[in-house]
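User: Hey, I've got a protein model open and I'm a bit lost in it. Can you walk me through what's packed inside?
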Amino acid sequence: MSPLLRAGQVRGGVLFVRSAARVMCYANRCASLRAVVGTCGEAVEEGINELGANVLVIEYPHVGPSAMEAMVDRMVSRDPAVPAATQRDLADLHRCG
(Lines give C-alpha, C1' and ligand atoms only; values in the text may rest on other atoms or scores of the structure.)
Protein backbone atom coordinates (compact mmCIF):
# COMPACT_ATOMS: atom_id res chain seq x y z
CA MET A 1 0.00 0.00 0.00
CA SER A 2 1.13 3.53 -0.74
CA PRO A 3 2.71 5.37 2.22
CA LEU A 4 0.59 8.43 1.32
CA LEU A 5 -2.58 6.35 1.54
CA ARG A 6 -1.46 4.79 4.82
CA ALA A 7 -0.76 8.26 6.26
CA GLY A 8 -4.21 9.51 5.25
CA GLN A 9 -2.79 12.06 2.80
CA VAL A 10 -4.70 10.63 -0.17
CA ARG A 11 -8.48 10.95 -0.19
CA GLY A 12 -9.12 8.40 -2.93
CA GLY A 13 -8.24 7.33 -6.41
CA VAL A 14 -9.26 6.15 -9.83
CA LEU A 15 -7.82 3.02 -11.39
CA PHE A 16 -8.09 2.23 -15.10
CA VAL A 17 -7.70 -1.52 -15.56
CA ARG A 18 -8.21 -4.15 -18.23
CA SER A 19 -10.08 -6.42 -15.78
CA ALA A 20 -11.43 -5.43 -12.36
CA ALA A 21 -11.72 -8.82 -10.64
CA ARG A 22 -8.27 -9.06 -9.07
CA VAL A 23 -8.06 -5.34 -8.35
CA MET A 24 -11.39 -5.36 -6.52
CA CYS A 25 -10.42 -8.35 -4.42
CA TYR A 26 -7.13 -6.78 -3.37
CA ALA A 27 -8.40 -3.21 -2.94
CA ASN A 28 -11.27 -4.16 -0.69
CA ARG A 29 -9.00 -6.16 1.61
CA CYS A 30 -7.59 -2.84 2.82
CA ALA A 31 -9.78 -1.39 5.57
CA SER A 32 -9.29 2.22 4.43
CA LEU A 33 -10.35 1.51 0.82
CA ARG A 34 -13.91 1.22 -0.41
CA ALA A 35 -13.55 0.41 -4.09
CA VAL A 36 -16.39 0.21 -6.60
CA VAL A 37 -16.39 -0.83 -10.24
CA GLY A 38 -17.65 1.93 -12.48
CA THR A 39 -20.22 0.50 -14.85
CA CYS A 40 -22.18 3.75 -15.28
CA GLY A 41 -22.59 7.12 -13.59
CA GLU A 42 -25.52 5.95 -11.49
CA ALA A 43 -23.54 2.99 -10.13
CA VAL A 44 -20.71 5.33 -9.11
CA GLU A 45 -23.19 7.66 -7.42
CA GLU A 46 -24.72 4.71 -5.56
CA GLY A 47 -21.28 3.51 -4.44
CA ILE A 48 -20.45 6.95 -3.09
CA ASN A 49 -23.80 7.39 -1.33
CA GLU A 50 -24.12 3.89 0.14
CA LEU A 51 -20.48 2.99 0.82
CA GLY A 52 -18.57 6.24 0.86
CA ALA A 53 -16.57 4.81 -2.05
CA ASN A 54 -13.11 6.37 -2.28
CA VAL A 55 -11.68 4.28 -5.12
CA LEU A 56 -13.23 4.01 -8.56
CA VAL A 57 -12.15 1.13 -10.77
CA ILE A 58 -12.93 1.43 -14.47
CA GLU A 59 -12.49 -1.41 -16.95
CA TYR A 60 -11.36 0.83 -19.80
CA PRO A 61 -11.84 -1.68 -22.66
CA HIS A 62 -15.58 -1.78 -21.90
CA VAL A 63 -16.37 1.88 -21.25
CA GLY A 64 -16.57 4.67 -23.80
CA PRO A 65 -14.84 8.02 -23.29
CA SER A 66 -17.98 10.00 -22.41
CA ALA A 67 -19.19 7.42 -19.88
CA MET A 68 -15.68 7.26 -18.40
CA GLU A 69 -15.58 11.04 -18.10
CA ALA A 70 -18.99 11.13 -16.39
CA MET A 71 -17.96 8.48 -13.85
CA VAL A 72 -14.67 10.20 -13.03
CA ASP A 73 -16.44 13.57 -12.71
CA ARG A 74 -18.90 12.08 -10.21
CA MET A 75 -16.10 10.51 -8.22
CA VAL A 76 -13.85 13.56 -7.97
CA SER A 77 -16.67 16.02 -7.29
CA ARG A 78 -17.83 14.27 -4.11
CA ASP A 79 -16.28 13.98 -0.68
CA PRO A 80 -16.71 10.33 0.29
CA ALA A 81 -18.43 10.01 3.65
CA VAL A 82 -19.14 6.54 5.00
CA PRO A 83 -22.68 6.24 6.39
CA ALA A 84 -22.74 5.10 10.04
CA ALA A 85 -24.55 1.83 9.25
CA THR A 86 -22.00 0.99 6.55
CA GLN A 87 -19.14 1.83 8.93
CA ARG A 88 -20.56 -0.64 11.48
CA ASP A 89 -21.02 -3.34 8.82
CA LEU A 90 -17.46 -2.87 7.58
CA ALA A 91 -16.10 -3.05 11.14
CA ASP A 92 -18.01 -6.32 11.67
CA LEU A 93 -16.61 -7.75 8.45
CA HIS A 94 -13.08 -6.67 9.39
CA ARG A 95 -13.36 -8.64 12.63
CA CYS A 96 -14.11 -11.78 10.59
CA GLY A 97 -10.49 -11.82 9.50
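Analyst: Sure! Keep in mind that this is a predicted model. A good starting point is the largest nonpolar core, which has ten residues: Val36, Val44, Ile48, Ala53, Leu56, Ile58, Val63, Met68, Met71 and Met75.

User: Which elements give two or more residues to this core?
Analyst: Those are helix H3 (41–51), strand E3 (55–59) and helix H4 (65–76). H4 has the largest share of the core, with three residues.

User: Is there another core apart from that one, and how many residues does it have?
Analyst: Another core of nine residues lies apart from it, and Val17, Met24, Cys30 and Val55 are among them. As background, nonpolar side chains in soluble globular proteins tend to be buried together.

User: Back to the big core. What is Met71 in contact with, leaving aside neighbours within four places in sequence?
Analyst: Met71 is in contact with Gly38, Thr39, Cys40, Gly41, Val44, Leu56, Ile58 and Val63, once neighbours within four places in sequence are left out. Several of those names are also on the list for the largest core, including Val44, Leu56, Ile58 and Val63.

User: And Ile48, where is that, and is it buried or exposed?
Analyst: Ile48 sits in helix H3. Ile48 counts as buried because its relative accessibility is 3%, and the cut-off for buried is under 20%.

User: What does Ile48 touch?
Analyst: Not counting residues up to four places away in sequence, Ile48 touches Ala53, Arg74, Met75, Arg78 and Ala81. Ala53 and Met75 belong to the largest nonpolar core, as does Ile48. Met68 is on that core list too, but the C-alpha atoms of Ile48 and Met68 are separated by 16 Å, with their positions 20 residues apart along the chain.

User: OK, what about Val55 from the other core? Where does it lie?
Analyst: Val55 lies in strand E3. Val55 is buried, with a relative accessible area of 8%.

User: How far apart are the C-alpha atoms of Val55 and Ala35?
Analyst: They're separated by 4.4 Å, although Val55 and Ala35 are 20 residues apart along the chain. Ala35 also shows up among the contacts of Val55, together with Gly13, Leu15, Leu33, Arg34, Val36 and Met75, leaving aside neighbours within four places in sequence.

User: Let's do Asn54 next. Which loop is it in, and is it buried or exposed?
Analyst: Asn54 is in the loop between H3 and E3. Asn54 is buried, with a relative accessible area of 6%.

User: So what does its side chain reach?
Analyst: The Asn54 side chain reaches the backbone nitrogen of Arg34, at 2.8 Å. Arg34 is one of the residues in contact with Asn54 when neighbours within four places in sequence are set aside, and the rest of that list is Arg11, Gly12, Gly13, Ser32, Leu33, Met75 and Pro80.

User: Now something less hidden. How does Glu50 come out, buried, partly exposed or exposed?
Analyst: Glu50 is partly exposed, with a relative accessible area of 45%. Glu50 belongs to helix H3, and leaving aside neighbours within four places in sequence, Glu50 is in contact with Pro83 and Thr86.

User: Where's Thr86 found?
Analyst: Thr86 is in helix H5, and Thr86 is buried with a relative accessible area of 12%. Setting aside neighbours within four places in sequence, Thr86 is in contact with Glu50 and Leu51.

User: And Glu69, buried or exposed?
Analyst: Glu69 counts as exposed because its relative accessible area is 51%, and the cut-off for exposed is over 50%. Glu69 lies in helix H4.

User: Switching topic: what volume does the largest pocket have?
Analyst: The volume is about 450 Å³. The pocket is lined by 15 residues, and the closest to its centre are Asn28, Ala31, Leu90, Leu93 and His94.

User: Which helix gives the largest share of the lining of the largest pocket?
Analyst: That's helix H5 (residues 84–95), with six residues.

User: Last one: how do the lining residues of the largest pocket divide up?
Analyst: Eight are nonpolar, five are polar and two are charged.

Methods: Residues are numbered from 1 along each chain as its sequence is written. This is a predicted model: local features need pLDDT of at least 70, side-chain atom pairs count only at pLDDT 80 or more; totals for chains, interfaces and linings use all residues. Side-chain values use heavy atoms; hydrogens and water are left out. On a 1 Å grid over the protein atoms alone, a cavity is a set of points where a 1.4 Å probe fits but cannot get out, and a pocket is an open set with protein on both sides within 12 Å along at least five of seven lines; lining residues have an atom within 4 Å of a point. Grid points are joined across faces, edges and corners, and a volume is the space filled by probe spheres set on the points. Helices (H or I, at least four residues) and strands (E, at least two) are DSSP runs, numbered from the N terminus. Ala, Val, Leu, Ile, Met, Phe, Trp, Tyr, Cys and Pro count as nonpolar, Asp, Glu, Lys and Arg as charged, and the others, Gly among them, as polar. A nonpolar core is a set of buried Ala, Val, Leu, Ile, Met, Phe, Trp, Tyr and Cys residues joined through side-chain atoms within 4.5 Å. Buried means under 20% relative accessible area, exposed over 50%, partly exposed in between (1.4 Å probe, protein chains only). Contact means heavy atoms within 4.5 Å. A polar contact is a pair of N or O atoms within 3.5 Å; within protein, one must be able to donate a hydrogen and the other to accept it, and residues adjacent in sequence count only if both atoms are side-chain atoms.
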